[in-house]
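Morning, everyone. I have a short tour of backbone geometry today. Please have the structure open and follow along.

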Amino acid sequence: MANRWTNTLTERDVTPEGVYLNRRQMIAGAAGLGLIGGAGGAQAQDDALEPNSWEDITSYNNYYEFGTDKGDPARYADALTIEPWSVRIDGLVDKPGDYAFDEIMAKMTVEERLYRFRCVEAWSMVVPWNGFELADLLEMAGVQSGAKYVAFETVLRPDEMRGVAYPVLDWPYVEGLRLDEAMHPLTIMATGIYGRDIPNQNGAPLRLIVPWKYGFKSIKSVVRITLTDVEPPTSWNKANAREYGFYSNVNPEVDHPRWSQATERRIGGGLFSPRIPTQMFNGYGDEVAGLYEGMDLTQKF
Amino acid sequence: MLVDRINALARRVPVWSVWLVLLAPAVWTFWLGLTGGLGAEPIKALERELGEVALQLLVLGLCITPLRRFLGLNLIRFRRAIGLLAFTYVGLHLLVWLVLDVQIPAQIWADIVKRPYVTVGFTAFLLMIPLALTSNDWSLRRLGPRWRQLHKLTYGVAVLGAVHFIWLSKGFQIEPLIYLAMILGLLALRWRASRRVQRA
């Protein structure tokens, strides 16, 4: 049952990449001359979603298994073998097992989803993902009635991932969602960008996308999905519980202890890129605020 | 001997050429940022590069005394220039943070007060101001022995700079820790040397 949610903008509104690149060069040139942009402070969030370029999306990544520099994943993620690939789905499901990537893709309906992507580091992008709803995958495995949470795990291959030689985080990278968050129609497993296969640095061959949460929740290169009845551990929460909560919903009113979350900078605006206000639930409040009714989001951050 | 040759060469190198060479990275990085050479997010890249060069210059400045004491290498005539260059880089780093990165004046002050890593970095900058103001011949003559006392503030500045770098990093990262280790090592060399002098 795909297509539970559609963009308010349709595919036809996605600017062709070439046109976009040209337009950006013009903007960069104008900004360089001081014609636009500048340090004018926060500007109104532009509602028309303009996707970032392929170049931006695939060159500026956090994927610490390949290094902590933003350019490291694009430099080193080629070493990751993504064929063959399978995802182990286990825990409280009717049909546990190793599901081959091709087998999954044969059963899933891939859609385009143009989403805002907000990193906890206060930068953001707009990405035209291709992917399928996580709910469809979970339904394929048969979620049992006792399941309350979904745990995810990233592949861990020290031979192919040079970054895991350093204890930046406790490897493998793990993440988790409440079952209702996982089943939400906005939550997808992305397998492509701009209609092409998702590159390794962005989490090939399939990665989670939860657009109303900070980017680190959207775990990459998933090899295991476990349905559980207890809140699963999550990597950044384990590393620093004071700074990173289980929920990590985008929230301009709850600051990261070390920096403000009130504003963000859209990647791709050059040296004079302005800050824009961050939206509650990254602008998806109409769709997801109901999931957190009655919760104190300053406590459950 | 090699050391003597280097010393002879160093005597002939004008101090202004050190300025020219060591300011080049700032100009070059800014140019790259303007022309798209710093990647998708040039603001953070520029900010980080300026901060890191500042830290490297502080380390270089702390190397001058041990180089002379242990190897007989005399580069002392470049030390004030190196210190002033470090101050310049910290100033540019701060300026990029203020104008290009944070942008919003109310938030700048809030960050300085509320965010410990910003407080630490800003404190280091403030401590460098008296050092920069007195890095001239007139002040050196005027302050006499107090000049050396005052300029020991550099030790604190370097440590604060490294702590600032460690504190702003996400997760457990090696690079900022290496800077702190180098700085503490260079300070330890001084401490041992001064104890030896006291005992003698």
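Start with the loop between β5 (149-154) and β6 (174-178) of chain A; Pro172(A) sits there. Keep in mind that this is a predicted model. The peptide bond running from Trp171(A) into Pro172(A) is cis. Its omega is near 0°.

Next stop, chain A again. Which residue does a cis peptide bond join to Pro205(A)? That partner is Ala204(A), and omega there is about 0°. Look for Pro205(A) in the loop between β8 (196-197) and β9 (207-209).

Why point these out? Most peptide bonds are trans. Most residues other than glycine also have a negative phi. That brings me to phi.

Go to the loop between β9 and β10 (222-228) of chain A, where Ser221(A) lies. What is the phi of Ser221(A)? The value is near 40°, so positive, and this residue is not a glycine. Is Ser221(A) buried or exposed? Ser221(A) counts as buried because 26 other C-beta atoms lie within 10 Å, and the cut-off for buried is 20 or more.

Now switch to chain B. Find Gln103(B) in the loop between α4 (79-102) and α5 (105-114). Gln103(B) is not a glycine, yet its phi is positive, about 70°. How many other C-beta atoms lie within 10 Å of Gln103(B)? There are 22, so Gln103(B) is buried too.

To recap: cis bonds lead into Pro172(A) and Pro205(A). Positive phi values turn up at Ser221(A) and Gln103(B). Thanks for listening.

Terms used. Residues are numbered from 1 along each chain as its sequence is written. Chains are lettered from A and ligands numbered from 1 in the order in which they are written. This is a predicted model: local features need pLDDT of at least 70, side-chain atom pairs count only at pLDDT 80 or more; totals for chains, interfaces and linings use all residues. Helices (H or I, at least four residues) and strands (E, at least two) are DSSP runs, numbered from the N terminus. A residue is buried if 20 or more other C-beta atoms lie within 10 Å of its own, exposed if 12 or fewer, and partly exposed in between; C-beta atoms are placed from the backbone.
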